[in-house]
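Reader: I work at the bench and would like a close look at one part of this protein, namely its aromatic rings and what surrounds them. Please take me through it slowly, in connected prose.

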Amino acid sequence: MAKNLVIVESPTKAKTIKKFLGKNYEVIASEGHVRDLPKSSIGIDKDNDFEPHYITIRGKGDLVASLKKSAKKADFVYLATDPDREGEAISYHLSVALKLDEKNYKRITFNEITKNAVKDSIKNARAIDMDLVDAQQARRVVDRLVGYEISPLLWEKLGKRSLSAGRVQSVALKMISDREKEIDAFIPEEYWSIGADLFVPGQKKSVVFNLKKEIKDGKSAAELKKLLENSEFKITDIKSTQRIKKAPVPFTTSTLQQTAASRINYATSKTMRIAQQLYEGVEIKGQGTVGLITYLRTDSIRVSEEADRSARDYIRRTFGEEYVAEESKDNNDSKKKIQDAHEAIRPTDVNRTPASLKGIISAEQYKLYKLIYERFVASRMTNAVYDIFTVTVNASGEVLKCSESELSFAGYQNIYSIEEDKEKAKQNLKGLSVGDVLELDKVEAKQHFTEPPSHYTESLLVKTMEDNGIGRPSTYAPTISTLLNRRYITKEQKNLYITELGEVVSGIMETAFPEIVDIEFTANMESLLDSIGDGQIDWKVVVRNFYPDLEKEVNSASENLEKIKIADEATDEVCENCGANMVIKYGAFGKFLACPNFPECRNTKPYYEKIGVQCPDCGNDIVRRNTKKGRPFYGCINYPECEFMSWNKPIKKPCPKCGKYMVVKGKKAVCSDKECGYMESM
């Protein structure tokens, strides 16, 4: 019979660890949390200093009984859940649920699932860190209070029980909503660029020299173009400089999510799911189940001395001494200490190259492992060096420049580079001298318009949340998934758009709960919750200070906030099946028409809100519609016969300058033809 019991979260992790320990160890999985707050009630005694009431999670009774039986048989129990506050809390709840004697159990943590790491953790077994447990408990309680106090209010005001509010998700929703408003209100500004194509001796093709001057309108551009066409182009300066492109630091959770989204097109949830598989262990022929990367939830770029040394040895053997970086600046991570700061995300063995795993692990796992591996190795390599060659010419007092860059030392780019690192076609400017006169081929003036802010993508939203201190590594992916699942936002290609339902919910939250959706307030709350994990503040102090303001806002909203009439509004539309007047209801993708005699009559049809403007293409009504994924737009009611559409709301008044239709952008009416550029205040 095994003398020692090791409890982890997942069966895969248990399988990976089991092979490192001898026959005196039994390794079993708790399959996540075993105790939590009840779903049916708030589970927090607000009259008893916010004491949480935990229960065994439904369906886990038999598992808990089995774990308890195994624990009683063992001489000693090691709680080996994940090395973060969530893992610490799971270990604590296991100790309570299994009624473990504090003399007979310890907590162990490891940042990677390797033989050395697991065995070292047993040698360094410790007591449960109650500061980390309290940090998790505080987050759970605060989030439960926000969710269970505000969500019923949304149900009441919107008449839809599938809605929810959350401390982090509501701020993220407001960020997306605000960005949409910025984009809708954005008015393009005209500007021009001018380039002179000049012949360089020894080259067949002319080279473009760009005018270094701000040009706001076509008239000025035309005047400058004419001036240059009649000018002499004389070289006045030649400069040769170097640009250093620093090697990247290893991945944190957020940078991994961002880079995986941009380079291999993985959603944040997919990145975390696959990274979890790589961390817990993947079956490799001849080696069994092997943990391929370190723990995936981290804000740190620190790397262990052993891993750092191993990577440098690998680089030395593979690329040469000159490619080994001098020092590891990321090992002195100056970023503020937070609870999740372990090591960066890296391969557990730098000698296990992606090529050696190709065809052994899944294609999805391979892509993510390759990304993590190459980024880590690159972080221990020297910087890339570019030679920059810039030629300046003068033409009738106007300054034009042309630059070329040439990679002179690849450094880390031998293993890891991005699109912008790739060398552009050489202009071959060398051999020119100050005083040389270059022959003109042609002058081109190009009109441009400023672009609106970018729509949020998952990676940009994660970066912005991190930059503003909103959420933590474990919350980014679940927050975005919740917003998508609730149909508050939709994803088209890579962009995130707010839906009609999301607009309504965000509006209510901003009106009734301004503090909850305030970025600075939420960031301060995150900082306070982190301080609990550092042992600097008692968790109940944070909750005591937070709740009264929340309660006040909930009571005020309950009394003063009007119901949003988005369901069961009567219309003149007659049901073809039974003759009843159809009503407007609200679904996952916005409003639709339904027969009021449901369930006897189940007739439904799309609802299109007329805006009182006729289609410029066919004269029929323009209506507010939704894309298949729920993003609102304005289109012809006669679609698909008429394909007119506009993301901005059209107005009745045509453009007085060109006659085309105009749209609303913020507080201005703007011509739909940006080349016309006409606008007026509304």
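Author: **Aromatic rings and their surroundings**

The charged end of R144 sits over the ring of Y148, at 4.1 Å from the centre of that ring. A second arrangement of this kind involves R243, whose charged end sits over the ring of Y386, 4.8 Å from its centre. Both descriptions come from a predicted model, in which the chain averages a pLDDT of 90 and 94% of the residues score at least 70. Residues 332–341, however, have a pLDDT below 50, although this stretch has 22 contacts in the model beyond near neighbours in sequence.

Turning from charges over rings to rings beside rings, the structure holds eleven aromatic pairs. One of them joins Y369 and Y373, whose ring centres are 6.0 Å apart; their planes stand at 40°, which is over 30 but under 60 degrees, so the pair counts as tilted. Y369 and Y373 lie four residues apart in helix α12, which spans residues 363–379, so about one helical turn separates them. Y369 is buried, because its relative accessible area of 0% is under the 20% cut-off, and Y373, with a relative accessible area of 1%, is buried as well.

Another aromatic pair, F633 with W647, is edge-to-face, with 5.9 Å from centre to centre and 70° between the planes. This pair links distant parts of the chain, 14 residues apart: F633 belongs to strand β25 (residues 632–636), while W647 is in the loop between β26 (645–646) and β27 (650–654). As for accessibility, F633 is buried, with a relative accessible area of 14%, whereas W647, at 36%, counts as partly exposed because that value falls between the 20% and 50% limits.

Ring pairs also link Y25, F76 and Y78 into a cluster. Strand β2, which covers residues 25–29, is mostly covered, in that four of its five residues are buried. Strand β1 (residues 4–8) pairs with β2 in the parallel sense over five bridges, and V8 has A29 in β2 as its bridge partner. Between these two strands the chain passes through helix α1 (residues 11–18), and the resulting β-α-β crossover from β1 to β2 is right-handed.

Technical notes:
Residues are numbered from 1 along each chain as its sequence is written. This is a predicted model: local features need pLDDT of at least 70, side-chain atom pairs count only at pLDDT 80 or more; totals for chains, interfaces and linings use all residues. Side-chain values use heavy atoms; hydrogens and water are left out. pLDDT is the predictor's confidence in each residue, from 0 to 100. Contact means heavy atoms within 4.5 Å. Rings of Phe, Tyr and Trp (its six-membered ring) pair if their centres lie within 6.5 Å; planes under 30 degrees apart count as stacked, over 60 as edge-to-face and the rest as tilted. Buried means under 20% relative accessible area, exposed over 50%, partly exposed in between (1.4 Å probe, protein chains only). A charge sits over a ring if NZ of Lys or CZ of Arg is within 6 Å of the ring centre and within 35 degrees of the ring normal. Two strands pair if DSSP finds at least two bridges between them. A crossover is right-handed if, with the strands pointing away from the viewer, the path from the first strand over the helix to the second runs clockwise.
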